[in-house]
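Let's take a walk through a protein together, starting from the inside and working outwards. Keep the 3D view open and click along as we go.

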Amino acid sequence: MPTKTSPAARASRSNTPNYRCAECGWTTAKWVGRCGECQAWGTVEETGQVVARTTAAAAVTTPARRIADVDATLSGFQPTKIDELDRVLGGGLVPGAVILLAGEPGVGKSTLLLDVAARVARLGKDVLYVTGEESAAQVKLRADRIDAVADSLYLSAETDLGQALGQVESIDPALLIVDSVQTLSSAAVDGSAGGVTQVREVAASLIGAAKARGMTTLLVGHVTKDGSIAGPRLLEHLVDVVCQFEGERHSRLRLLRAVKNRYGPTDEVGCFDLTDGGIEGLADPSGLFVSRTKDPVSGTCITVTLEGRRPLLAEVQALLAESANSQPRRATSGLDSSRVAMLLAVLQSRASVSLSKDDSYVATVGGVRLTEPATDLAVALAIASAKTDHPLPARLIAFGEVGLAGEVRPVPGIGRRIQEAERLGFTHAIVPASPGGTGPVPKGFSVREVSTLTEALALLF
């Protein structure tokens, strides 16, 4: 006769979590399409009944040491000779560190890492470059183009994790570069390359090898269509440093940001110039964003924006034309369109600048994208200059956040912005009035503080 199951046993079995989210580990008793914890779609997988296990204590092979007795010099920074990369990493590469570099296709990730590999190899260290997306011949062509050929730089075109680890055992490199982590797969686990299970296994194996050997490891990661790093979120938690490589497709400028950094700050930004001959660090990228004209032109204003802790000069240009339609056109490039629309309304309502019958075109120079509210004042002044056809002074900068009431609000780093403007030859600045003041002002530099947009316009027009 069939055995009857008690209601309590059935309830206990039905409440057993048999499904787990591959992203965050959330469990549920039945399958759902969307994780209830991290809200990710398609990540809930069947795992079977969860059995509670305990691990018995084992004999200690490496006793714990006092933190004062640990030699921190063994993990010192080793500069890559690429100043912009060293700035973001906090000083250079750390032995045993695992760094994840993510970015859009074609942004220059492989070019940058091949340059890093060649520079480290020229210091007399063995470097292994594992590529799963290109052949060794294709990588060699890029290396010839950017002058990244070195005797101790080894190439391996592998997609099997076991073969890649075998190459590590054979060469014992000081630096390992994997391009990319989504192309490697392990025969020990199920799933296709790039899947959640495979990425987790590949990352865990590479991180284990890096820590055991003191080998710096650079991993290239793919991104999804919304710009986030592809694969399980666990990948970002396991690595030591997560860097994002950004850049507009039609611009030469590339920005490198550290999203996570166990060895340094996360508010530094590295600037690079992508050219036909490779990728080069830009110690002073402001020249890309400021036009060089002999005489001042109406509708232009220079501002200083902060990328992390780094001040960058950028130029905002505005053009107004009488509209032939009942509803004027509002076009922007490199700026938030809703922010520009708000500034147009503030100029008309609070500063009595008539713009209701004009088409407005507002853009930045060099393809840079300005998202910081501190650029509001420069955008407003450029629009007012275009409306009055009155050029602003040639050596003037302006920055400050503009509110809906027409007030100009303080922004962080006023002193740092002024110092950068003075270094590049500017002599005048219009800044928001701040309770703490602007700080030390360079000799010969004139600073005017304003509290409202109307006050700023009265100074110039």
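We'll look at the nonpolar cores, then the cysteines, then the salt bridges. One thing to keep in mind is that this is a predicted model.

Let's begin with the greasy part. In soluble globular proteins, nonpolar side chains tend to be buried together. Here, the largest nonpolar core has 45 residues. Try finding L347, L377, L381 and I383, which touch the most other members of that core. Which elements give two or more residues to it? They are the strands β10 (253-261), β11 (269-275), β14 (310-322) and β17 (396-398), along with the helices α8 (337-350), α9 (376-388) and α11 (453-460). The largest share, nine residues, is supplied by α9.

Now zoom in on I383. Leaving aside residues up to four places away in sequence, I383 touches A318, L320, L344, L347, L355 and V362. There is also a second, separate core, made of 35 residues. Among its members are L114, V116, V120 and L153.

Next come the cysteines. How many disulfides does the structure hold? The count is zero. Take C271 as an example: the nearest cysteine sulfur belongs to C243 and is 14 Å away. A disulfide needs two sulfur atoms within 2.5 Å, so C271 is not in one. Is C271 buried or exposed? With a relative accessible area of 0%, C271 is buried. C301 is buried as well, at 3%.

Finally, let's look at charges. The structure holds 23 salt bridges. In one of them, the side chains of E169 and R213 meet at 2.7 Å, N to O. This pair links distant parts of the chain, with E169 in helix α5 (residues 161-171) and R213 in helix α6 (residues 196-213), 44 residues apart. E169 is exposed, with a relative accessible area of 57%, while R213 is partly exposed at 31%.

Another salt bridge joins the side chains of E268 and R309, also at 2.7 Å, N to O. Where do these two sit? E268 is in the loop between β10 and β11, and R309 is in the loop between β13 (300-307) and β14, 41 residues apart. E268 counts as buried because its relative accessibility is 13%, under the 20% cut-off. R309, at 38%, is partly exposed.

One more pair to find is R409 and E407, whose side chains meet at 2.9 Å, N to O. R409 is partly exposed at 37%, and E407 is partly exposed at 22%. To finish, look for E84, R87, D267, E268, R309 and R310, which are joined into one network by salt bridges that share partners.

Notes
Residues numbered from 1 in each chain as written. Predicted model: local features only at pLDDT ≥ 70, side-chain atom pairs only at ≥ 80, totals over all residues. Heavy atoms only, no water. Core = buried A, V, L, I, M, F, W, Y, C linked by side-chain atoms within 4.5 Å. Buried < 20%, exposed > 50% of the residue type's maximum accessible area, 1.4 Å probe, protein only. Helix = DSSP H or I, 4+ residues; strand = E, 2+ residues; numbered from the N terminus. Contact = heavy atoms within 4.5 Å. Salt bridge = Lys/Arg side-chain N within 4 Å of Asp/Glu carboxyl O.
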